[in-house]
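Here are some notes to read beside the structure. Keep the model open and find each residue as you go.

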Amino acid sequence: MRTSWADLAANSAAENAGPGSSANNVGTGSNLAPTRPVYVPPHLRNRQPAAESPAPAPAYSGPSSGAGNSGSRYAAPRNDYRPGYGGGGGGRTGGWGNKSGGWDRGREREVNPFEEEDNAEEAFSEQENTGINFDAYEDIPVETSGDNVPPPVNTFAEIDLGEALNQNIRRCKYVRPTPVQRHAIPISLAGRDLMACAQTGSGKTAAFCFPIISGIMRGQSVQRPPRGVRTVYPLALVLSPTRELSMQIHEEARKFSYQTGVRVVVAYGGAPINQQLRDLERGVDILVATPGRLVDLLERARVSLQMIRYLALDEADRMLDMGFEPQIRKIVEQMDMPPPGARQTMLFSATFPKEIQRLASDFLSNYIFLAVGRVGSSTDLIVQRVEYVQESDKRSHLMDLLHAQRANGVQGKQALTLVFVETKKGADSLEHWLCLNGFPATTIHGDRSQQERELALRSFKSGNTPILVATDVAARGLDIPHVAHVVNFDLPNDIDDYVHRIGRTGRAGKKGLATAFFNDNNSSLARALSELMQEANQEVPAWLSRFAARSSFGGGRNRRSGGRFGGRDFRRDGSFSRGSSDYYSAGNGSGGGYGGSGGYAGGGYGPGVTSAWD
DNA sequence: AAAAAAT
């Protein structure tokens, strides 16, 4: 299959949350929209102590008291951690069974994360009803390796995530698990560590959130050790490389944990720390953070990692590259986090170079490696074009593209265009120039204040400034719906970054266009780029093939290792493989169409590449 | 060489 499974998948995760994209509902028959048949508002739910009387607060385990007993799940939500939560002496004195006492006082009204979104997405809902063909990614290639890999599931119903979580899954309009979810969720629920290759947008966030939330809900009560009164003890930590990505993960996690009593807090830099501190004080089970701010919080002893049971690293390859690694090691290895084996660790990334896997394996214990076919590599939905443009001609060339595109803008609005440049300075200057020339543009990069960054993103998403000039800060993971065109004004040096960038378009089963400006400065990318495009059945200009041929010797740096996956289990690289399962034999049970999907295999990959598989 | 991430 050569369609963009990952993007399809992606959107089951991200975009389905909007009311507009009702396409996936087909299967359920349940009318998703705001009809919430079974939903009982919080204030009513807790009115009636019901049959299950206020049991003497089985400590903090909250809904787990009702584990397996779905009806009672809501009877004792944990929303009322009270001020004493985690505080001195493990002060859960009030106990959450204590309805009359502190209930209303301590309880924060939980904002319904599903409703905020309904309005925000309204603007686009009209144009958004292209169908999403879920069958299209049924047979995505999947590779797993490691000891005793738990079998994948095909439906959410097969997994006992609990009624509250199931309800949120319905609210999100997820019909079926995406490939990464089908495999990763059972692995996580089995308590196993995981290294997963899957692009953000393939449903990854849910893949690690569901097991975490479910695990926290059914977890045994935790005595949080006394430390400073203000120290909090999250049970799960999710790290991501950019602030915006952390925000996005937090938004999603909030939806998944709505009314489960599981609290999600986000902490990142560039924003005043005080609000974040207050959020933490109100209790946190899952902390989503960028590394710098987290280190700050740890050093202030406002957060302790002592009780961490789940650790998830998003975009893990980025997190372990040269700039980040020391910080990550500090957090994971040099603070008070339980060691591998004593916690459950999940690493996700679209690409996993061997060296990064080696570093990452320090964090893992007897882990399972999971790879699902990669985004962008096999998609018909993203049309990739490469044009030879000299540096000096780039601006006028961009102008031509934008003019042409203005003509077929949707509903009088210019289609959203994301323009990637190499430098922050370049971003500012291009933005300025675009504005001067009558194209409403804004920019996002690391020299802008967090406020400016967030404003820019909002303004772009809303269509106010339909052109966003970005550095690689926006390349990874960000789910910006409705991007019609990604322009690589400056190509990246790494083909993986290219893949990440173009993955910002072609989502929700809609077509996307990616245009790259190529010139002699990019010759080191030529080979990888032309291979990638061939693999995706894109037309490769003859001049690019010539560049590729010229750089073919000595250009190993950018050579992609695996073709259809972003990585391959490095443990297999030795003369003998430590993993017990072989993906060509038993392990393949998971991998539906693996090896059989001609779209991938035939995709024009040279003979040399296949050999990378054995 | 650049970008990201704490103040």
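1. In which crossing, left-handed or right-handed, does α9 pass α10? The crossing is right-handed. The contact uses I273, Q276, L277 and L280 from α9. From α10 come R293, D296 and L297. By class, these contact residues are four nonpolar, one polar and two charged. Two packed helices are described by the angle between their axes and the distance between the axes. Here the axes come within 12 Å and cross at roughly 65 degrees. Helix α9 covers residues 273-281, and helix α10 covers residues 291-299.

2. A word on the source and the overall picture. This is a predicted model, so read every value below as computed from it. Chain A has 614 residues, and 61% of them are buried. Its secondary structure comes to 21 helices and 14 strands. Take the contacts in chain A with a separation of 6 or more: 80% of them join residues 24 or more positions apart.

3. Now turn to the DNA. Which helix gives the largest share of the surface near DNA strand B? That is α10, with five residues. There are 22 residues around the strand, and R293, T423, K424, G446 and R453 come nearest. Of the strand's atoms that come within 4 Å of the protein, 78% belong to sugar and phosphate. R293 deserves a second look: it is among the residues nearest the strand, and it also takes part in the contact between α9 and α10.

4. Sort the surface near DNA strand B by class. It has five nonpolar, ten polar and seven charged residues.

5. Three distances to phosphate oxygens of DNA strand B are worth checking on screen. For K424, a backbone N or O atom lies 2.4 Å from such an oxygen. For G446, a polar backbone atom is 2.3 Å from one. For T471, the atom is a polar side-chain atom, and the distance is 3.0 Å.

6. Find L434 in helix α15, residues 424-436. Is L434 buried or exposed? Its relative accessibility is 0%, so L434 counts as buried. Leaving out residues up to four places away in sequence, L434 touches L398, L402, F439, A441, I467 and V469. K204 is 230 residues from L434 along the chain, and their C-alpha atoms are 35 Å apart.

7. Helix α18, residues 526-535, is mostly covered. How many of its ten residues are buried? Eight are. They are A526, A528, L529, S530, E531, L532, M533 and E535. An α-helix has 3.6 residues a turn, so residues three or four places apart point the same way. Look just after α18 as well: N537 takes a positive phi of about 60 degrees.

8. Two loop residues also have a positive phi. N366 has a phi near 40 degrees, and it is not a glycine. N366 sits in the loop between α13 (354-361) and β8 (368-372). H482 is not a glycine either, and its phi is about 70 degrees. H482 lies in the loop between β12 (467-470) and β13 (483-488).

9. Check how covered these two loop residues are. N366 has a relative accessible area of 43%, so it is partly exposed. The value for H482 is 15%, and the cut-off for buried is under 20%. H482 is therefore buried.

Technical notes: Residues are numbered from 1 along each chain as its sequence is written. Chains are lettered from A and ligands numbered from 1 in the order in which they are written. Side-chain values use heavy atoms; hydrogens and water are left out. Buried means under 20% relative accessible area, exposed over 50%, partly exposed in between (1.4 Å probe, protein chains only). Helices (H or I, at least four residues) and strands (E, at least two) are DSSP runs, numbered from the N terminus. Axes are lines fitted to C-alpha atoms, for helices over the stretch in contact, and angles run from 0 to 180 degrees between N-to-C directions. A crossing is left-handed if the near helix is turned anticlockwise from the far one by less than a right angle, and right-handed if clockwise. Contact means heavy atoms within 4.5 Å. Ala, Val, Leu, Ile, Met, Phe, Trp, Tyr, Cys and Pro count as nonpolar, Asp, Glu, Lys and Arg as charged, and the others, Gly among them, as polar. A residue is near a molecule or strand if one of its heavy atoms lies within 4 Å of it. A polar contact is a pair of N or O atoms within 3.5 Å; within protein, one must be able to donate a hydrogen and the other to accept it, and residues adjacent in sequence count only if both atoms are side-chain atoms.
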